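Could you walk me through this structure in the viewer, stop by stop? I would like to know what to select next and what is there.

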Amino acid sequence: GLCPPAGESWVRSLSFASLPFLYYFLPVVLAVYFLVPSKGRNGVLLAASLVFYGWVEGLFLLLLTACAVNSGVCGWLIQRMRGRPAAKRILILSLGVSLGLLFVFRYLGFFWEEFRAATGLPVPLVKLVCPVGIGFYTLQGAAYVLGVWRGTVSPRKGGLSVALYLMGFPWVLAGPMMPYASLAAQLDRRTCTLTKGAEGLRRLVVGLGKKCILAQTLWGLCQSFQEGQERTLAFCWLYALALVLALYFDFSGYTDMALGVGKLLGFDLAENFRWPLAARTLTDFWRRWHITLGWWFRDHLYRPLVRAAGGKRTGCLLLVWLLVGLWHGAGWNFLLWGLLFGLLLAAERLGLGGWLNRFPPLGHLFVLAVLGFGAVLLTGEDLGQSLALWGGLLGQGEPGGMGTAGWYALRSYGPTLLLAALGATPWPSRWMARLRRGTWTGKVVAVAEPLVLAALLVISTGYLVDGGVQPFWY
């Protein structure tokens, strides 16, 4: 069956798409948050964040707290010792702690097993459970101390803002990641209005619908493919398309919910998606998909590597994309995923991108095809399974068209696939904007939209009550 990123536990108790979060935790937090004076709201947010992450991950809350203390204390020391050799040693120490914890919990088991297989060393390694969100909050902590080192971030007295930067429950599990300065300004001063609250509620419900209705149904199609035996060419591509759409609506649904919760609390968090499946090139796609992760790797890894390499970009690009692949999980399929995108992005820099831009329909097909191969790698249990499915996508599976199972899946899931494909484009958003601008259509939308959102909430709640909603993949 489909598996989450290697080493990550699947959050069931208090994820955004859960009944305890939506109907108990969030209402109580909002009630307390708005009852206290504005100066006390950051304290309420921190307390809620500790409860949230502790509920999700138990004792791993101590690990998250240690990362926050490491970043806050080391950032303060770097600022105090600026210009002295000790400042650089503290920077290295802080990065070593943050990234070392990430390596130990997510990657040590994989590399040790590979080393043991290569050398025959008969010493097994105890496998560690990987804390949810560790790939996000360790990179956030590293970004903070690097910002202090570069002089773009000014540490403050007290550690509340740094703790919230790493631990705030709207963004701790899967982002969106943000530069410290942009979030710190909002921690100092933010406004909570009815308009912003209404927008936050809309984003929250839309994200919930994306996850519970679209992504969950598409995961069902993918599961039926994996549990069956037919591997015809058309059915393999139907599976790959469903995977791409499921990953998009799963992660963009999470992001919508995170941004919605943020707005309810007065925050304007960074957008993480801008219609990525409408891209004509892979370069354009990665400017639209998981935008905040792209910011981290570009500013904190790619550009420093290019400067260190004297402007040689291609080799740096390949190295960074191998690390991006490894960030998604510990396994050879993740490394191959990173290599695939690194090579193709390098090819676009060398001329392929300009050629694709001249033929937009072909560019769209190219992007979707590569995403299909990439999605098979990301969600495969291991490299062998993923490569076997690559063979099916390349026509090495069963001959014939869709096959009996394929046609059955298409009849069962076809309407959802069409709705998801349309929803992955900017057209519905543009149509709604035009309707809102109209004189009488604007009035219709003003009345109909709350009713549609209420229905969406009821339907999504039904999915949650039924217990058939998988946790967020990321």
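Here is a short tour of a predicted model, moving from salt bridges to helix contacts.

**Stop 1: a bridge between a helix and a loop**

Start with the charged side chains. Side chains of opposite charge can pair when their charged atoms come close. The structure holds 12 salt bridges, and we will visit a few. Select K196 and D268: their closest N and O atoms are 3.3 Å apart, and the two form a salt bridge. K196 sits in helix α8 (residues 194–227), while D268 belongs to the loop between α9 (233–264) and α10 (282–288), so this pair ties together parts that are 72 residues apart in sequence. Now turn on the surface. K196 is buried, with a relative accessible area of 14%, whereas D268 is partly exposed at 36%.

**Stop 2: from α8 to α9**

Next, select D256 and K210. Their side chains meet in a salt bridge with an N to O distance of 2.8 Å. D256 is in helix α9 and K210 in helix α8, so the pair ties together parts 46 residues apart in sequence. Are these two residues buried or exposed? Both D256 and K210 are buried. Add R203 and E271 to your selection, and you will see a network of salt bridges that links R203, K210, D256 and E271.

**Stop 3: a bridge inside one helix**

Move on to helix α11 (residues 291–308), and pick R303 and D299, which are 4 residues apart, or about one helical turn. Their side chains form a salt bridge, 3.2 Å from N to O. Both ends count as partly exposed: R303 has a relative accessibility of 42% and D299 one of 22%.

**Stop 4: the bend in α16**

Show helix α16 (residues 403–423) as a cartoon and look at Y413, where the helix bends by about 60°. A proline, P415, follows within four residues. Which residues of α16 are buried? They are G406, A409, Y413, G414, T416, L417 and A420, so Y413 is worth colouring for both reasons. Bring α8 and α9 back into view, as they are among the elements that cover these buried residues.

**Stop 5: two partners of α18**

Now select helix α17 (residues 427–437) and helix α18 (residues 439–466). Their axes are 5 Å apart and the helices pack at an angle of about 115°, which makes α17 roughly perpendicular to α18. To see the contact, show M432, R434, L435, R436 and R437 of α17 together with T439, T441, G442, V445 and E449 of α18. The residues of this contact divide into 3 nonpolar, 3 polar and 4 charged.

Keep α18 on screen and add helix α1 (residues 19–35). The axes of α1 and α18 come within 9 Å and cross at roughly 115°. Here, L19, L22 and Y23 of α1 meet L457, T461, L464 and V465 of α18. This contact has 6 nonpolar residues, 1 polar and no charged.

**Stop 6: L344**

Finish at L344, which is in helix α13 (residues 332–358). What does L344 touch, leaving aside residues up to four places away in sequence? Select L282, F366 and V370 to see these contacts. For a last distance, draw a line between the C-alpha atoms of L344 and S18: they are separated by 38 Å, with their positions 326 residues apart along the chain.

Technical notes
Residues are numbered from 1 along each chain as its sequence is written. This is a predicted model: local features need pLDDT of at least 70, side-chain atom pairs count only at pLDDT 80 or more; totals for chains, interfaces and linings use all residues. Side-chain values use heavy atoms; hydrogens and water are left out. A salt bridge is a side-chain nitrogen of Lys or Arg within 4 Å of a carboxyl oxygen of Asp or Glu. Helices (H or I, at least four residues) and strands (E, at least two) are DSSP runs, numbered from the N terminus. Buried means under 20% relative accessible area, exposed over 50%, partly exposed in between (1.4 Å probe, protein chains only). Axes are lines fitted to C-alpha atoms, for helices over the stretch in contact, and angles run from 0 to 180 degrees between N-to-C directions. Angles under 35 degrees count as roughly parallel, over 145 as roughly antiparallel, 65 to 115 as roughly perpendicular and the rest as oblique. Contact means heavy atoms within 4.5 Å. Ala, Val, Leu, Ile, Met, Phe, Trp, Tyr, Cys and Pro count as nonpolar, Asp, Glu, Lys and Arg as charged, and the others, Gly among them, as polar. The bend at a residue is the angle between axes fitted to the seven residues ending there and the seven starting there.
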